[in-house]
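Here is a walk through one protein chain. Keep the sequence and the 3D view open as you read.

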Amino acid sequence: MSRSRSLMSGMLVTGFVLYFLLNEPETGHAMHIMEGFLPVEWALFWWAAFLPFFLLGLRSIKRLVQDNPELKLLLGVAGAFAFVLSALKIPSVTGSSSHPTGTGLGAILFGPLVMSVLGTLVLLFQALLLAHGGLTTLGANAFSMAVVGPFVAYGVYRLVLRANGGQRVAVFLAAALADLTTYVVTSLQLALAFPAASGGVAASFAKFAGIFALTQVPLAISEGLLTVLVWNWLQSYNAKELSQLPLLKREGM
């Protein structure tokens, strides 16, 4: 167990070191929708859409921790993984930024509702500490990254397993598609708030989605591969904790 915890600490420290080495300190145009960017009515709409999932997620975490208190550390690892990956801002050709999301791993381990809370906390800390995203736009950012992304990850993972596609393939596709879906939803959010003068929402969506696809597609593939590596590591050093996860018990792990 001590060796496992040391490896966990090493992974987290390495992630934070990479963040501070690679991330630029500018607040400019991170892919999280920045503070005050959305019109008030759309900011409120996304808050209303996101909150039910957050409240259900709180109940799910409470039940999980009460039934399996030994999973607290693994819960923290899932949150830290999402924090480190989503804080890595990589400049795109438009002067804006793209980044991984890191929500696929937690969705596979604990389910999408738990990740709706962890992802929201990640976004909150980034908004307060890193000026990455904002508070008024937290509902929109959380809906795309902490709600839709995890639900897609969980659904893809289960579907691939049922189709006998293999667990590693399922993990890869879940993480990669959760990443891509987050950006598709963000593009839709921006398109709805700022429809093009010619072509309306559809034209605006095509513009936003096209811009970020250039950097996000390779990022999604990279995130999928990294998530598989972390999954393999967890299976090697934290098999006991994984066997306690309710979702993985159903798969006979």
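Helices here are DSSP runs of H or I with at least four residues, numbered from the N terminus. By that count, N164 sits in the loop between α6 (138–162) and α7 (167–193). We will return to that loop. What you see is a predicted model.

Start with the overall layout. The chain holds ten helices and two strands. Read from the N terminus, the order of elements is α-α-α-β-β-α-α-α-α-α-α-α. The chain has 253 residues, and 49% of them are buried. Many contacts link distant parts of the sequence. Among contacts with a separation of 6 or more, 76% join residues 24 or more positions apart. The outer surface exposed by the chain comes to about 11500 Å². Carbon and sulfur atoms supply 70% of that area.

Next, ask how far to trust each part. The average pLDDT of the chain is 82, and 81% of the residues score at least 70. Confidence is lowest in helix α1 (residues 2–22), with a mean of 46. Helix α2 has the highest, at 95. Residues 1–9 stay under 50 throughout. For that stretch the model has 13 contacts beyond four places in sequence. Residues 15–30 are also below 50 in pLDDT. This second stretch has 24 contacts in the model beyond near neighbours in sequence.

Now go inside. The largest nonpolar core has 56 residues. Which of its members touch the most others? They are L38, L74, L109, F110 and L234. Several helices build this core. Two or more residues come from each of α2 (40–67), α3 (72–87), α4 (103–110), α5, α6, α7 and α8 (200–237). Helix α6 gives the most, with twelve residues.

Two of those highly connected members, L109 and F110, bring us to α4. Is this helix enclosed or open? Eight of its eight residues are buried, so α4 is largely enclosed by the rest of the structure. The buried residues are T103, G104, L105, G106, A107, I108, L109 and F110. Just after α4 comes G111, with a positive phi of about 100°.

Helix α5 spans residues 112–129. Compare two of its residues. T120 lies in this helix. Its relative accessible area is 6%, under the 20% limit, so T120 counts as buried. What does T120 touch beyond four places in sequence? Its partners are F50, F54, M115, L138, A142 and A146.

L128 also belongs to α5. Its relative accessibility is 53%, and the limit for exposed is over 50%, so L128 counts as exposed. L128 is part of a nonpolar surface patch. The other members are L121, F125, L129 and L135. Together the five make a patch of about 500 Å².

Finally, return to the loop between α6 and α7, where N164 is placed. What is notable about its backbone? N164 has a positive phi of about 60°, although it is not a glycine. Is N164 buried or exposed? Its relative accessibility is 70%, so N164 counts as exposed.

Put the pieces side by side. Helix α4 is largely enclosed. Helix α5 holds the buried T120 and also the exposed L128. The loop after α6 carries the exposed N164.

Methods
Residues are numbered from 1 along each chain as its sequence is written. This is a predicted model: local features need pLDDT of at least 70, side-chain atom pairs count only at pLDDT 80 or more; totals for chains, interfaces and linings use all residues. Side-chain values use heavy atoms; hydrogens and water are left out. Patches are made of residues with over 30% relative accessible area and no salt bridge: like charges are joined within 9 Å, nonpolar side chains (Val, Leu, Ile, Met, Phe, Trp, Tyr) within 5 Å. Accessible areas come from the Shrake-Rupley method with a 1.4 Å probe; for residues, only the protein chains shown count as cover. A salt bridge is a side-chain nitrogen of Lys or Arg within 4 Å of a carboxyl oxygen of Asp or Glu. Buried means under 20% relative accessible area, exposed over 50%, partly exposed in between (1.4 Å probe, protein chains only). A nonpolar core is a set of buried Ala, Val, Leu, Ile, Met, Phe, Trp, Tyr and Cys residues joined through side-chain atoms within 4.5 Å. pLDDT is the predictor's confidence in each residue, from 0 to 100. Contact means heavy atoms within 4.5 Å.
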